[in-house]
Amino acid sequence: MTTDPDTAPALRLRNVSKTFGGVKALQNVDFEVRAGEVHCLAGENGCGKSTLIKIVTGVYTPDPGAEIELFGHPLDTISPTKARALGIAVIWQDLALFPHMTVAENIAFDDMVGVMPRVSFGSRYKARVQAVLDRLNVPLDLNTRLGDLPIAQRQIVAIARALMGEARLVFMDEPTASLTQSETDSLLDVVRTLSSQGIAVVFVSHRLAEVIDIAERVTVLRDGKLVGVYPTEGMTQSRLGELMTGALLENSVSAQDRSSAEPVLVIKDLSRHDEFRGVSLTIRRGEVLGLIGLIGSGRTELAHALIGMSRPDAGEIQLEGAPVRFASIRDAIARGVAYVSEDRLTLGLIQPQSIADNTVISVLDRVLDGLGLMAPKRQSQLVSHWIEELAVKIGQPEDAVSTLSGGNQQKVVLAKWLATEPRLLILDSPTVGVDVGARAGIFRIVRQLADEGLAILLISDEVTEVMFNADRVLHMAEGRIVGEYDPHATSVPDLEARIYA
C-alpha cells in the first residue's frame with residue numbers, strides 16, 4: 001500500500017538483508033530518514049553502512065523480502081540510473097570528480113553527458129551552475145580548475161553536482177575526514193542549508209562529536225544488524241561509541257612523566273622557507289609527544305623534514321645525541337626513523353598488492369635469498385609475526401590490502417614500519433578514516449610501543465587524540481610552536497579554545 005507522499009519519509013527501508021557468499025552483510029535492517037532531516041548512519045567499518053547505501057542506490061540488489069519506499073512510493077527494483085532519476089545522490093569519500101575540468105564543468109557533468117561534444121559549455125549551463133551555488137551560499141569561481149581547489153571546496157562542488165541533478169536525498173560518506181576544524185564548520189553549515197531546503201541528508205562520519213552536532217537522529221549498525229535509532233539530543237560520544245562497538249570505550253588521560261628518560265630526537269631552531277620557522281623540541285625514549293595544529297600549520301611539513309622527504313634550510317636535527325641530515329627517506333630509515341603518513345591510501349600502502357607484500361616492502365633486504373629473490377619462508381615468518389603482534393584481522397596474507405577495513409589497513413602500515421625496528425616513530429594523523437573501535441585499538445598499540453621504549457611523535461588535528469594519548473602536547477600554528485601543555489593540567493575545552501581560536 002502506498003503511503004501518503006505528503007507525510008511519508010523521504011526514504012523508508014524494511015527488512016533489508018544482503019548476503020555475500022553465505023556471509024550476512026545486513027540482517028533484517030530497518031532504516032528511515034525524513035525530508036529535510038540530517039540523519040547519521042553510524043557504526044564501525046564492516047558494520048554494513050556502505051552495503052546499505054549501495055542497496056538504496058541500486059548498486060546491490062537486496063535479498064528477497066526487502067521493502068524500499070521513496071517519498072511514499074514503493075520501489076520493486078532500483079538501479080543506479082533510476083536512483084539518480086529519483087533524486088538519490090551519493091557523495092563518496094573520493095568525490096569522483098575530475099581535477100582537470102573546471103568547477104562549472106564538474107557541477108554540470110551529469111547533465112552534459114550525452115550532449116558533448118555536440119553542445120558547447122555555454123551560458124545555459126553556467127547560469128544553472130551559478131544558481132545551484134547561490135542556493136548553497138558559497139562563492140566559487142566557475143572557471144577555476146578543480147585540481148587547484150582545496151579539498152573543502154571540492155566537497156562543495158560535489159554537493160553542487162548532486163543539486164544540479166535535483167537531488168532530494170543525499171548520502172555523504174565521511175565528508176570531513178580530510179578537513180580542518182574551520183573547513184568542517186563551513187561544510188556543516190552547507191549541510192544545514194540543504195536541510196533547510198527540504199533535502200534529506202544521510203551523514204556518515206567517524207567523528208562522533210560532529211555526528212552529535214549535525215544530526216537529529218542516528219541509526220546505529222553493528223555486525224550487519226540494527227542496534228537502534230536514537231535522538232542526538234542528550235547523546236554523548238562515549239555512549240555512541242559504546243552503541244557502535246558493544247563495549248565501553250573510556251577516554252582518560254594516559255600521560256606519563258618521561259622527563260628523566262634519555263632524548264631520542266632533539267630539534268634546534270629548524271626552519272624551511274614558507275613551511276615552518278624556528279622549531280625546537282625534544283622527544284625522549286618511551287615518550288609520546290603530541291603535536292597538534294590545524295591543516296596548514298606546518299606539522300606535516302615538519303614531519304617530511306624529519307623523514308628525509310624535504311631538507312630544512314636552517315637548524316639542527318639530533319638523533320640519540322648525534323647530528324643528522326637525511327639525504328632521502330631511505331637514509332632516515334637506515335638511521336631508525338619511521339613515518340606513518342596521513343595519506344594511507346596513496347602514500348602508506350600499495351592498494352592492489354597483497355597484505356604480505358605491503359608488510360615487507362620497507363625491509364625487502366631481510367626477506368631476499370642469496371640470489372636476490374624473495375624467500376617465501378622468510379616473508380611468511382615476518383608477516384605472520386606482525387599480523388599476530390598487531391592483531392590484524394585478515395583473510396589470507398595473499399589478499400589485496402584494499403580488502404581490509406581502514407583500521408586494519410592502518411595496522412598493516414604500522415607493521416611495515418615497525419619491521420624496520422625504528423627508534424623514532426612519526427605518526428601523522430594515524431586514525432583518518434578509522435572507526436572508533438579501531439582507533440582505540442591503534443592507540444593501545446601506540447601506548448604499548450612507548451612502554452617498550454619507542455619514541456613517538458603523534459601528529460593530529462583532533463584535540464581528544466593528543467589529550468588522551470600523548471604524554472606532552474605541543475601546539476603548532478603558522479609554522480611555529482606556540483604552546484606546550486600537560487594533559488593532566490589542562491582540559492579538552494581549554495585546549496580546543498586555543499587550537500581553534
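**Entry 1: cysteines**

I began with C47, which has 3% relative accessibility and therefore counts as buried. The model I am reading is a predicted one. I then looked up C40 and found 0% relative accessibility, so C40 counts as buried. C47 takes part in no disulfide, and its nearest cysteine sulfur, that of C40, lies 10 Å away. I checked the pair from the other end: the closest cysteine sulfur to that of C40 is in C47, at 10 Å, which is too far for a bond. A disulfide requires the two sulfur atoms to be within 2.5 Å. By this rule I count zero disulfides.

**Entry 2: strands β3, β9 and β10**

I turned to strand β3, which spans residues 38-42 and pairs with β9 in the parallel sense over four bridges. Within this pairing I noted H39 opposite R217 of β9. On β10 (residues 225-231), β9 pairs in the antiparallel sense, over six bridges. R217 appears here again, with P231 as its bridge partner in β10. I recorded the hairpin of β9 and β10 as having two residues between the strands, with D223 at a positive phi near 55°. How much of β9 is buried? Five of the six residues of β9 (residues 217-222) are buried, so the strand is largely enclosed by the rest of the structure.

**Entry 3: helix α1**

I listed the buried residues of α1 as K49, T51, L52, I53, I55 and V56. These are six of the eight residues of the helix (residues 49-56), so α1 is largely enclosed by the rest of the structure. Just after α1, I found G58 with a positive phi of about 85°.

**Entry 4: helix α10**

I made the corresponding list for α10, where R299, T300, L302, A303, A305 and L306 are buried. Six of the eight residues of α10 (residues 299-306) are thus buried, so this helix is largely enclosed by the rest of the structure. I noted that G308 follows α10 and has a positive phi, near 85°.

**Entry 5: H100**

I located H100 in the loop between β6 (88-91) and α3 (103-107). Is H100 buried or exposed? Its relative accessibility is 67%, so H100 counts as exposed. I found a polar contact of 3.2 Å between the side chains of H100 and R145. I also checked the distance to G147: the C-alpha atoms of H100 and G147 are 6.1 Å apart in space, while the two residues are 47 apart in sequence.

**Entry 6: E287**

I looked up E287 next and placed it in the loop between β12 (276-284) and β13 (288-292). E287 has 3% relative accessibility, so it counts as buried. Which side chain does the side chain of E287 meet in a polar contact? The partner is the side chain of R472, at 2.6 Å. Leaving aside neighbours within four places in sequence, I listed the contacts of E287 as R258, T282, L454, A455, I456, D471 and R472.

**Entry 7: the four-stranded sheet**

I traced an open sheet of four strands in the order β12-β11-β14-β15, with antiparallel pairing. β12 and β15 (322-324) stand at the edges with a single partner strand each, so one side of each has no neighbour in the sheet. From one strand to the next, I read an average twist of 20°. I then examined β14 (residues 314-319) and β15, which run antiparallel and are joined by three bridges. Across this pairing, I317 stands opposite V324 of β15.

**Entry 8: domains**

I closed with the domain assignment, which gives domain 1 as 11-245, domain 2 as 256-336 + 423-435 + 448-501, and domain 3 as 346-421. Domain 2 is thus written in three segments, and domain 3 falls between 336 and 423 in the numbering. Which distance separates the centres of domain 1 and domain 2? Taken over C-alpha atoms, these centres are 35 Å apart.

How values were computed
Residues numbered from 1 in each chain as written. Predicted model: local features only at pLDDT ≥ 70, side-chain atom pairs only at ≥ 80, totals over all residues. Heavy atoms only, no water. Domains from an automatic or database assignment. Buried < 20%, exposed > 50% of the residue type's maximum accessible area, 1.4 Å probe, protein only. Polar contact = N/O pair within 3.5 Å; in protein donor to acceptor, adjacent residues only side chain to side chain. Contact = heavy atoms within 4.5 Å. Pairing = 2+ DSSP bridges. Axes fitted to C-alpha atoms, helices over the stretch in contact; angles between N-to-C directions.
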